[in-house]
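User: I would like to practise reading strands and loops. Can we go through one structure together?

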Amino acid sequence: MQIRAPKTKRAKRELDKRAPKLVENVKKTLILHGTKTSGVLNSVLTELYHLKRDNAVKFSKKNENIKPFESGGETSLEFFSHKTDCSLFAFGSHSKKRPNNLVLGRTYDHHIYDLVEVGVENFRSIESFEYDKKLAPKIGSKPFFAFIGEEFESVDELKHLKEVLLDFFRGEVVENLNLTGVDRVFVCTALSSKTVLLMHCALRLKKSGTSIPRMELVEVGPSMDLVVRRHRLPSESLLKEAMKTPDQAKKIKNVTSDVIQGRTGRIYIPDQKVGDMPLSNNIKGLKRERREAKQKKESKKRKTESE
Amino acid sequence: MEGSSYQIDLGNLMAYDSNHHFQSVPSSRVELVKHCLEKGTEMVQAIADSLFSLPSTESRDGPVVKLPAPTTKLPREKHLPKPKPPTKWETFAKMKGIKKRKKNKRVWDEQTSSWKRTHGYDRANDDRDIPILDAKSTDEVGVDPFAKRNAEKKERVKKQEKNRLDNLKKAAKAGALPSHIQLAATALPITGTKKDVPKKASKDELESVAGMAATSTASGGKFDKKLPGEKPPKHSGKHRKFLPVVEGKGIGSKEKQQTEKILNQLLSKSSHEILDVNKAVTMFNVKKEKQRKRDKDANPGKSGKLKPNKKSFKKTSTKKKN
C-alpha cells in the first residue's frame, strides 16, 4: 500500500474544503442536459444557473447515458457529482413522451438520495418581465419563501417537491442576517394536486409607520408551472442517516470553572463508619508478636513430640 | 384571507399557508398571478413582522439580526465525520500517562554556538553534523561509525513510515481516513513476481520515443514533420571530439597522444609478426632448463663437468664429402 498525499498546501486546502464536516458548506448545484433539449428547457436551465450563480456548475455537453430514474443511468451523474462536489443537480431533457422534462435531484455522499421529475409549462423568462432595474435582486442574497396551498401537506409528491425547492434555493444557512440585504422571494402556489406555480419576485421595502417596513412584491424572475411526473423518495435507512444531526455537546456534571482555582470538581466521600470497620491482620507492628507466638508454638510442638 | 396563521420557519425565511386551496383556479393567467402575488405579499409581510422584531445589532452595513435555527430539517450532503481511532503511540501514551510537552521553535546548538530550529533544514544537534566520534571499546575495528549512524537513521525512518502506514490503514478501516490522504495499492499481478510488473514509462522516456523511432528513417529523422509541442530530440550518440585550438599549459600534448594512439593501432594491424621474439626466447630457455634438470635426475651419479668428451673415433659415423 502506498500513501498518496497532496504535494502542495493549496491542494491540501482544496481537499479539506470537500471533506465531510460537522457544519457543512453551501450545497452546490450541477446543471446539465441530455441528448435532446427544447428551447424552453435551454432557457430554463440558463436562468436557473443565473439564479444560483455563486454555487452552481453548468455543463454544456450532451449526456446521452444519463437516465436518472433507471438503475444503470445514475453512474455518470454520481461521477460528475463527485468531481464537481455538487450535491444538487438539475437534469433537463426533452422527448415526445415527456416534453420539457426537468429532473431535480439530491445526492448524499455523492450517491443519489432522491429525485423529482417535473414538466415545465407556461415558462416566462427573465427578459419578458419589465421592472425597475434598481430592484433587481443581487446574486447570493438569502431568499424568502412562500408556499401556498394545503396540497403541499396532503399530497406526497408536492410535499417532496416543497422540500426539494427549499433545498435548491435556500443558499447558505446563516446565523446573522443583514436586514437591508433581503430582496427576493420565491412564491410557490399549488394549483392542483400535481401542479405548482413557481414565481420569483423582488422585494421592495416601503416606509411604514412602524419600524417594520411594508413589503411589496415585484415579479422579476422566471415564472413557470411545474407539473410533477415522477418522484423517488429516499430509502428509510438512507433518510435516517442523512437526517442525523451531530451530537449536542453533553453537559459535563460536577465540573465548575473558577477564575482563581481553575477547573474544579467536587468529590463526595460516603460516610466511613470507622467504628464498624474490621481490624486488618496485616499490620507491620504485629510482626514481632507473631514471630514470637510462632516460635512458642513450635517449641510446644517439639516438646509434645519428644514426649 | 385574514385570520389564517401561517407556519413560519424563520431560520429558512419560509412561510407556509396550509389553509389555502383554490375552489376554482382563476381562468386567466393574469388574475392567477395577481392572486398569488397578493397572498405572497401577505405571507412575506408576516415573516417580515417577526423578522424585524428580532433584537438587532447595528453593523457597518446596516442592522443585523441573529436568526434562529431552521425548523424544517433538510438532509445533509455528506456523512458525519467519524472520529479517528487513536494511533499506536497515542494508546501507549495514554496507558503510560505521557503528556505532550510544548517544544520551542529554536534550540541552542552547542556545536555552532547559535540558535537553530528544532526540526527541519539546518537543525540544531543534528546527528550528521558531528565531525568527530570517540571510539568506544565495544566498536569493531573495521566498522565506519558514521556510516553506521546513517544506516541506523535510515532504519528508524523506515520503521516510522511503516508505523504511519499501519495507523492510516487502521483509520481507513474505521472509515476515518484524513480527507487529503488516499491509500493506493501498489499494483502486483495475480501471478508472477514483482519483476513481471511492466515498469511504467517515465516522462523522459516517452518524450524521447518519437525521436528514437525517427532515427530508423532514411534520413535519420532530420526532416520529419514535427507535431506542435514536440521537442527536438536531444543529442544522443557520439560526436566528433575536436581538440582545443590553442593548447594551454596544463593540457599537454593532446595532439601527440591522439596521433600516437592512431599510429599504434595502425601499426599493430598492419604488422605481420606472428612471432613475439622475446616471448619465444624465454620459452626456449625455460624448456632447456627443464630438460637439463630431467637428465640430471635420470643420471644422478655423474657430474657433468668431469665427464670426458665422448666423441666417437670411428670414422664410419661421419661421412666426408670430397
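Analyst: The questions below concern a predicted model.

User: How many of the residues of β5(A) are buried?

Analyst: A residue is buried when its relative accessible area is under 20%. A:Asn101, A:Val103, A:Gly105 and A:Thr107 point one way from β5(A), and all are buried. A:Leu102, A:Leu104, A:Arg106 and A:Tyr108 point the other way and are buried too. The strand is therefore largely enclosed by the rest of the structure, and its buried count is 8 of the 8.

User: Which residue is the bridge partner of A:Ala90 in β5(A)?

Analyst: Strand β4 of chain A covers residues 88-93. β4 and β5(A) pair in the antiparallel sense over 6 bridges. In β5(A), the partner of A:Ala90 is A:Leu104.

User: Which residue of β6(A) stands opposite A:Tyr108?

Analyst: β5(A) pairs with β6(A) in the antiparallel sense, over 8 bridges. Their hairpin has 2 residues between the strands. Opposite A:Tyr108 in β6(A) stands A:His111.

User: Is A:Asp109 buried or partly exposed?

Analyst: A:Asp109 lies in the loop between β5 (101-108) and β6 (111-124) of chain A. Its phi is positive, near 55 degrees, and it is not a glycine. Partly exposed runs between the 20% and 50% cut-offs. A:Asp109 has 25% relative accessibility, so it counts as partly exposed.

User: What is the relative accessible area of B:Ser113?

Analyst: B:Ser113 sits in the loop between β5 (106-109) and β6 (114-117) of chain B. Its phi is positive, near 50 degrees, in a residue other than glycine. B:Ser113 is partly exposed, with a relative accessible area of 47%.

Terms used
Residues numbered from 1 in each chain as written. Chains lettered and ligands numbered in written order. Predicted model: local features only at pLDDT ≥ 70, side-chain atom pairs only at ≥ 80, totals over all residues. Heavy atoms only, no water. Helix = DSSP H or I, 4+ residues; strand = E, 2+ residues; numbered from the N terminus. Buried < 20%, exposed > 50% of the residue type's maximum accessible area, 1.4 Å probe, protein only. Pairing = 2+ DSSP bridges.
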